[in-house]
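Dear colleague,

I am handing over the structure below, and after it I set out what was found in it. Please read the notes with the model open beside you.

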Amino acid sequence: MPFRPRYTGLINKYRDRLPVQDDTRLISLGEGNTPLIKLNNIPGLLGKNVDIYVKYEGLNPTGSFKDRGMTMAVTKAVEEGSKAIICASTGNTSAAAAAYAARAGITAFVLIPEGKIAMGKLAQAMMHGAVVIQIKGNFDAGMQLVKEVAEQAPVTIVNSINPFRLQGQKTAAFEIVEELECAPDYHCLPVGNAGNISAHWMGYSEYRDQGIVNNSPVMVGYQAAGSAPFLRGHMVDNPETVATAIRIGHPQSWDKAWQVKDESGGWFDECTDEEILAAQKMLARKEGIFCEPASAASLAGAMRDIRGGRIPEGVKVVCTLTGHGLKDPDIAIRQSSAPPINVEAELEAVKAAILENMAS
Ligand SMILES: *Cc1c(COP(=O)(O)O)cnc(C)c1O
């Protein structure tokens, strides 16, 4: 047959490395298999000889890496006979939970912080028919409530404390290794609950321990400065940042993430909201890649550490772009310096607008 087999999602591809049986009914939307894009222009702008790749997780079915974990969590919930799932969310988990629950024909309950969720994510949860419960509190308060209510109601938690979530998410590391034919030297991620950095390390360690590759990356986690418990060394009670996806003060994978840092020889650092938005814009303008603010924390931090030499020249760096830029259109429009040019619908007016703006 001249054709390659059709891609049918990450559980099917990595079946032998995930906790599923031959007859498990898979709840999938074709997630995973996202592009690893080598940056063409930004390394030169930094004046450094490094290979920077971005893993564009915004191209998953609901627009974030959460789909990798959700396909596993919902597949297992259905296998165990669950009729409802629940999560607290800064937005993307609720979007993924809503979509995969719809696919499975079960109910999704999502707790979100009132007024602190990006518009695209709220639209997704509502459109997929989730029961959206807005609380007058932040993610951390929602997470606490979810844990308590799951003890008293027949619902399966699909936050990243659900171990199947991290199993699904570790496949991103497999994909990167397969594409590069080795592990990268550094892997940079934005950190909120720290589930994803822990899942990546699981994936890299699995391939290294089984001799599929002989190296593993230094793991680097970047937090938003107003929401940086790993930098403070303790939980933070009122986290604030423009990057709402990582507006988390009480990370659920606290111990795991410290272990990742120690085992990989990595570090945590923080980025200001200004640095995050500047990196988001730079990526959009210089490379044609649109990610949401939280995602840009990985690149913002990596660029600073490359400039400063903490990440040396001659290495391969992967930055995870966790979510798509269209998730948060309000932030994107607010920070765009060139608003639309309004003209009459006439040739002369359009031509003048073009000639005046040729250089920029
Ligand atoms: C969930 C999320 C994160 C944070 O991931 P953790 O596993 O909680 O550390 C970062 N960026 C985006 C876009 C997210 O949706």
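I begin with Glu-178, which is partly exposed because its relative accessible area is 34% (buried means under 20% relative accessible area, exposed over 50%, and partly exposed in between, with a 1.4 Å probe and protein chains only). Please keep in mind that this is a predicted model, in which local features need pLDDT of at least 70 and side-chain atom pairs count only at pLDDT 80 or more, while totals for chains, interfaces and linings use all residues. Residues are numbered from 1 along each chain as its sequence is written, and side-chain values use heavy atoms, with hydrogens and water left out.

The side chain of Glu-178 meets that of Lys-13 in a salt bridge, at 3.3 Å from N to O (a salt bridge is a side-chain nitrogen of Lys or Arg within 4 Å of a carboxyl oxygen of Asp or Glu). This pair links distant parts of the chain, since Lys-13 lies in helix α1 (residues 10-13) and Glu-178 in helix α8 (residues 171-180), 165 residues apart; helices here are DSSP runs of H or I with at least four residues, numbered from the N terminus. Lys-13 counts as partly exposed, at 40% relative accessibility.

The structure holds 18 salt bridges. Another of them joins Glu-79 to Lys-76, with the closest N and O atoms 2.6 Å apart; the two are three residues apart in helix α3 and are therefore separated by about one helical turn. Glu-79 counts as partly exposed at 36% relative accessibility, whereas Lys-76, at 8%, counts as buried. In addition, Lys-55, Glu-57, Arg-68 and Glu-175 are linked in a network of salt bridges.

Helix α3 (residues 66-79) also packs against another helix: its axis and that of helix α4 (residues 92-104) come within 9 Å and cross at roughly 40°, where axes are lines fitted to C-alpha atoms over the stretch in contact and angles run from 0 to 180 degrees between N-to-C directions. The helices α3 and α4 are therefore oblique to each other, given that angles under 35 degrees count as roughly parallel, over 145 as roughly antiparallel, 65 to 115 as roughly perpendicular and the rest as oblique. Among the residues in contact (heavy atoms within 4.5 Å) are Met-70 and Val-74 in α3, and Ala-97 and Tyr-100 in α4.

With best wishes
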